[in-house]
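Biologist: I would like to go through this model with you, one feature at a time. Please give the criterion behind each term when it comes up.

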Amino acid sequence: MVVGVQILDHDAWMGGTIYVRNLIYALDAVDPAERPSVQLIGWEHARETLVNELASFDFVETPKSRTTLTSRAGRAARRLYRGVTGTPAPGPFDGVDILFPSLHTEASGNAKQLFWIPDFQHEHMPELFSADDLAARRAKDAAIADAGGHLVLSSHMALDDFRRFYPGSRTVPHVWSFCTTLTEHERNGRDPQDVYGLPGKYLYIPNQFWAHKNHMTAFQAIRALSDKGIEIDVVCTGYEADSRNRDHVTGLKRFIAEAGLTERVRFLGLVPRNDQIEIFRHAAAVLQPSLFEGWSTVVEDAKAVGRPVIASDFPVHKEQLGDSGHFFPGRDADALAALLEGLWPRLREGPDPTAEDGAAAAGMRRRAEAARAFLDIARQMCVPAVAP
């Protein structure tokens, strides 16, 4: 079996990058006899460091063709090739059995598309989307539902959503959830206290600065505690822009300044991945206030280093954390403040070697389980699909 893995690599959506990367590392966790061959699709548009990292596995290749099926130049080049040679031009999906993740129903040669819909945020929070964007997302999802074949969803909440929004789907849905893999590329980051001037004890919010990530509720809770004389430091990393709400980050920083929290809340922007892992490791706890997630990378990263997680009571967070999480109603700053007031004295700054050892052992098991679950879906694609 040859799986064509499409690289998703963009600063504004690091979750997509990490999603694909974690799939490759999961496949490395199973016996070579079980493992498919992987071709990286779209590698020429990704960061060289990421491509080199993934291509270092002996089961991963970068196909030589740089021509995409959908580009105008690519179509012209293929017409010219056929006119000169009398045979079809090789395409980027030649030799690929399964293409994943397929986000659209566009042409994929002879490869079977394994679709992926990250989540249905646009159905739950349509106010965050323009009318055109909302219509485009619905049209894309409807086309996937009608295409037949197979679809990966990241959570059981997303599975329920898909069945509710597309009850007549011809496409068979599956739940496949990634888990974070920490490798030598994430290790040996710099000490966050030395490099970024962080305090000894802090909460860490490692989210992109999109409106639904709900930083404001967290900041309001920190202000409420500060008003009571309880000072908690917060560290934020992530891409500081929201294309759907260009004033969002400015508004957050204005609130911080007016609340007198400039010394308490630190914005670090995008940081190298190995530095980010050190920020995770040293945090007293990871705070995930997001109002919507397909499958939270933040939660998976925190689990990988054994740090406590304080999260909104969003169903996917509960699915990921089970009994190990500390939950609060997502839009309730007072409830979060009360939760933090009780937890903060008991939280200890990291790292915690014992918790990390346990997390590493659990992570190895979860990687192998994730790989076998993915391969089971891939094998089912070899037989005719029958929607439930």
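Biologist: In which strand is Pro101 found?
Modeller: This is a predicted model, in which local features need pLDDT of at least 70, side-chain atom pairs count only at pLDDT 80 or more, and totals for chains, interfaces and linings use all residues. Residues are numbered from 1 along each chain as its sequence is written, and side-chain values use heavy atoms, with hydrogens and water left out. Helices (H or I, at least four residues) and strands (E, at least two) are DSSP runs, numbered from the N terminus. On that numbering, Pro101 belongs to residues 98-102, which is strand S4.

Biologist: What is omega for the peptide bond from Phe100 to Pro101?
Modeller: Most residues other than glycine have a negative phi, and most peptide bonds are trans. The bond from Phe100 to Pro101 is cis. Its omega is near -10 degrees.

Biologist: Where is Pro351, which a cis peptide bond joins to Gly350?
Modeller: Omega of the Gly350 to Pro351 bond is about 0 degrees. The place of Pro351 is the loop between helix H13 (333-343) and H14.

Biologist: Is Asn214 buried or exposed?
Modeller: Asn214 is found in the loop between strand S8 (203-205) and H8, and its phi is near 70 degrees, a positive value in a residue other than glycine. Buried means under 20% relative accessible area, exposed over 50%, and partly exposed in between (1.4 Å probe, protein chains only). Asn214 has 8% relative accessibility, so it counts as buried.

Biologist: What is the relative accessible area of Asn188?
Modeller: Asn188 also has a positive phi, near 65 degrees. Asn188 sits in the loop between strand S7 (172-175) and helix H7 (192-196). Asn188 is exposed, and its relative accessible area is 71%.

Biologist: At roughly what angle do the axes of helix H8 and helix H9 cross?
Modeller: Two packed helices are described by the angle between their axes and the distance between the axes. Axes are lines fitted to C-alpha atoms, for helices over the stretch in contact, and angles run from 0 to 180 degrees between N-to-C directions. The axes of H8 (residues 215-227) and H9 (residues 248-258) come within 11 Å. They cross at roughly 0 degrees.

Biologist: Which residues of H9 make the contact with H8?
Modeller: Contact means heavy atoms within 4.5 Å. On the H8 side, the contact is made by His215, Met216, Phe219, Gln220 and Arg223. On the H9 side, the residues are Gly251, Leu252, Phe255 and Ile256.

Biologist: What is the distance from Arg367 to Asp28, the nearest side chain of opposite charge?
Modeller: Arg367 is found in helix H14 (residues 353-380). A salt bridge is a side-chain nitrogen of Lys or Arg within 4 Å of a carboxyl oxygen of Asp or Glu, while for charge Lys and Arg count as positive and Asp and Glu as negative, with His and the chain ends not counted. Arg367 is buried yet has no salt bridge, and the distance to Asp28 is 4.1 Å.

Biologist: Which residue forms a salt bridge with Glu300?
Modeller: Glu300 is in helix H11 (residues 297-304) and its partner is in helix H14, 66 residues apart. At 0% relative accessibility Glu300 counts as buried, whereas the partner is partly exposed at 25%. The closest N and O atoms are 2.5 Å apart, and the partner is Arg366.

Biologist: Which residue meets Arg164 in a salt bridge?
Modeller: The two residues are 3 apart in helix H6 (residues 156-165), so they are separated by about one helical turn. Arg164 counts as exposed at 52% relative accessibility, and its partner is buried at 5%. The N to O distance is 2.9 Å, and the partner is Asp161.

Biologist: How many residues apart in sequence are the parts that Glu240 and Lys253 tie together?
Modeller: Glu240 forms a salt bridge with Lys253, the closest N and O atoms being 2.8 Å apart. Glu240 lies in the loop between strand S9 (234-236) and H9, and Lys253 in helix H9, so the parts tied together are separated in sequence by 13 residues.
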